[in-house]
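Please look over the sequence and the structure shown here. The paragraphs that follow go from the whole chain to two of its helices.

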Amino acid sequence: MKPADLHPDHVVILSEGRSLQSKDLSSCGDPSTAALRASAQDDNGQFQLPSPVEVRAEFDRRFAADPEAAASYLYKLGIDSGYIKREAIARNICWEEPSPWGTLEITINCSKPEKDPRAIAAAQEDKGQNTEGEPRCDLCWENEAWPGSAAHPAKPGLRIAAIPLGSETWGLQFSPYAYFPEHCIALAPEHRPMRIDDAAIGRLLDFVDLFPFYFIGSNADLPIVGGSILSHDHFQGGRHVFSLMKAPLRKSVRLRDFPNVTAGIVDWPASTLRLTSSNRGELQQAATHILQTWQTFSFPEAHVLATSPVPTSTPGGAPLHHNTLNPVVTKTNDTYTLHLVLRNNRTDAAHPWGIFHPTPDLHHIKKENIGLIEIMGRAILPGRLAKEMPAIKPEINRALPRILECTGVFKEDETGRAGWQAFMEKVNA
C-alpha cells in the first residue's frame, strides 16, 4: 500500500477557541514563528485544515519553486492546527550552561512524558497485533487519519508531506514537542524497526540535498542507546546548530582509502568522528566502512565488546550485537559534514542500565536513553524536575557534563586514547 492510499480526503475544522495566533514559542522555542500568520479560514473565521491530499499537493507545488517555502508551509500548518503544542512548549524551562565541552543547552521538557529505558526496549518487540487501521506506533502514517481509540488516541492537526529518500517515499512532519526550532521528523513509509546501515546514510544525505537549511540525524537502532521509539525507522532534523557541531577537533585522522574525505576525532565527551567532503559518494562509502568496522570492533580494555558471550545470547544461539552509531549530517554549499557518534549498549552486573548509560547516581536527573538530540549537547530532561527549580539547577548543571561523559566509549584517558588508536588502525587495515 502506498502512503497516499492510507488517508481519506477530508477537512477538519477546528473551533475558534482552538485556532492559534502566531507568536513566540518561549525562550527555547522558534523565533521565526513570530512572523507566521493564520492559514485558511472559512467565512466564520474558523481555521480549516486542508485534507492530507491537498496538503501534499500544495507542499509539492511549493517545493518545486522553493524547498524552504514548502517546509515553512508544513510547519505553519502544524502551528495553526494546534498539532505543535505551543502552550505546553511555552512551559518548558530552558537555559545554557558553560562546561568543559563548550556550552550545553538544557531543557526541562514539560510537554512530553518521561519514558523508562526498559519500557522502550520492550516496545521494540512489536507483535503487530492491532485493530484494523490502527497505527502501530506514534510515527506511522496511519496516525494522520486515525479517529482515535482508548488504546491509541487521535492526533488532530497532523499532516505529513511525501519526500523521496533513497528509492522510497518517506513522510515529513514536524514534532509536536519542538525540542528545538523547526524540529522535523522523517518517517519510513512502513512500520519497520530502526536500522543504521548504508541505505540509511544515503537517505540522510538525500535529505540534506533536499533541505540544506536543516540538519538531519538518526537515533541509534539498539535499546539503551536508542531513542524513545525503536520500532519505526525515522530520522530527526531541524533548523538548529548543536554544540557538537561547533566543537573543535581533538585530533585529525587519516582515512587511507578515502583521500577526498577529511576526518578527525571531535573534542567531545561522546566518542565522535567528523567527516567532511564535497564528494558525496566517497563520503557515504567512508561512513559505511566506519560503521561496518565499528559493528565488529572490540576493545575489552574499555569494556567495548561487539557481541555478547554465549551465556547472554539471544534464543537460538545468535549473539547480541552491541555496536552502532548516531549519524548526523549537515550541508553547507556543496560540502557535507557527517558526524558519527560511536555507541555501545552492553550491560553487566555492575551496570544493569548500560555500561555507557548514565550511572544510577544521575538517574534522578536523567534516567531515559541518551538519544540523538542529547548526544549533540541539548539535554531533554523530564518535567518532574520543574517542581524542584530553581533549587536543583546547580545540580543539573554539574550533572550534565557527567551524563555525556558516561556515553563515551573511548574516555579521554590513556585507555580511551589506546581504544581510538586501535579502532582507527582497523578502519585503515
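How much area does the protein chain expose, and what share of it do carbon and sulfur atoms supply? The protein chain exposes about 18300 Å², and 52% of this comes from carbon and sulfur atoms; the areas come from the Shrake-Rupley method with a 1.4 Å probe. This is a predicted model, in which local features need pLDDT of at least 70 and side-chain atom pairs count only at pLDDT 80 or more, while totals for chains, interfaces and linings use all residues. Residues are numbered from 1 along each chain as its sequence is written, and side-chain values use heavy atoms, without hydrogens and water.

The protein chain has 10 helices and 15 strands (DSSP runs of H or I, at least four residues, and of E, at least two, numbered from the N terminus). Of its 429 residues, 55% are buried, meaning under 20% relative accessible area with a 1.4 Å probe, protein chains only.

Helix α5 covers residues 198–210. Because 10 of its 13 residues are buried, α5 is largely enclosed by the rest of the structure. Among the buried ones are Arg 203, Asp 206 and Phe 207.

Helix α9 runs over residues 393–407 and reaches 22 Å between its end C-alpha atoms, close to the 21 Å expected (1.5 Å times one less than its number of residues). A kink of about 30° lies at Ala 399, shortly before Pro 401; the bend is the angle between axes fitted to the seven residues ending there and the seven starting there. Both Ala 399 and Pro 401 are buried. The buried residues of α9 pack against β3, β4, β14, α8 and β15.

Note on methods:
Buried means under 20% relative accessible area, exposed over 50%, partly exposed in between (1.4 Å probe, protein chains only). Contact means heavy atoms within 4.5 Å.
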